[in-house]
Structures are given as structure tokens and as C-alpha cells.
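Welcome! Here is a short guided look at a protein model, with a focus on its charged pairs and its strands. Take a moment with the view below, then read on.

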Amino acid sequence: MADKSIICKDCGKEFIFTEGEQKFYKEKGFENDPVRCPRCRKAKKQERRPSAR
């Protein structure tokens, strides 16, 4: 298994899906590669959370 280069579907920038991340995904049972870069994943996660008041 080698590092993969993926284009983020949100920002269009290229990011690397490392061999270690691929192993982690496989261990968790995830079947698909990520479609967003780490920065966009974090932003999307923040959008889903209700604001802390």
C-alpha cells in the first residue's frame, strides 16, 4: 500500500492520503477513501456541530 494523491472535492487542492491513514481507515471498516482534505473535513465537522453557548 502506497500513499495516494487525492483532489479535495470542496477546495480542489491536492492532498496526500498516507499509508498510515489508509491502514486506519481499513481498521475502522471504512470502504471509501476520503473526498475532502483534512482542512475541509475539519470545517465540515464544525458546520455540523451546534454552536456552543
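Start with Arg-36 and Asp-10, whose side chains meet in a salt bridge with an N to O distance of 2.7 Å. Arg-36 sits in the loop between helix H1 (19–27) and helix H2 (38–48), while Asp-10 sits in the loop between S1 and S2, so this pair ties together parts that are 26 residues apart in sequence. The two partners can also be described by their accessibility. Arg-36 is buried, at a relative accessible area of 17%, because the cut-off for buried is under 20%. Asp-10, at 43%, counts as partly exposed. Please keep in mind that this is a predicted model.

How many salt bridges does a search of the whole structure find? The search finds four. As general background, side chains of opposite charge can pair when their charged atoms come close. Three of these salt bridges are listed here:

| Pair | Distance, N to O |
|---|---|
| Arg-36 and Asp-10 | 2.7 Å |
| Glu-19 and Lys-23 | 4.0 Å |
| Glu-47 and Lys-44 | 4.0 Å |

Now turn to the helices. In helix H1, Glu-19 and Lys-23 are four residues apart, which puts about one helical turn between them. Glu-19 is partly exposed, with 31% relative accessibility, and Lys-23 is partly exposed as well, with 43%.

Helix H2 holds the pair of Glu-47 and Lys-44, which are three residues apart, about one turn of the helix. Here Glu-47 is exposed, at 61% relative accessible area, whereas Lys-44 is partly exposed, at 31%.

Next come the strands. Strand S1 (residues 4–7) and S2 run antiparallel and are joined by four bridges. If you would like a spot to find in the view, look for Ile-7, which stands opposite Glu-14 in S2. The hairpin formed by S1 and S2 has six residues between the strands, and Gly-12 in this hairpin takes a positive phi near 80 degrees. Asp-10, which you met at the beginning, belongs to the loop between these two strands.

Which side chains of strand S2 (residues 14–17) point to one face and are buried? They are Phe-15 and Phe-17. Glu-14 and Ile-16 point to the other face and are not buried, so the side chains alternate along the strand.

Note on methods:
Residues are numbered from 1 along each chain as its sequence is written. This is a predicted model: local features need pLDDT of at least 70, side-chain atom pairs count only at pLDDT 80 or more; totals for chains, interfaces and linings use all residues. Side-chain values use heavy atoms; hydrogens and water are left out. Buried means under 20% relative accessible area, exposed over 50%, partly exposed in between (1.4 Å probe, protein chains only). Two strands pair if DSSP finds at least two bridges between them.
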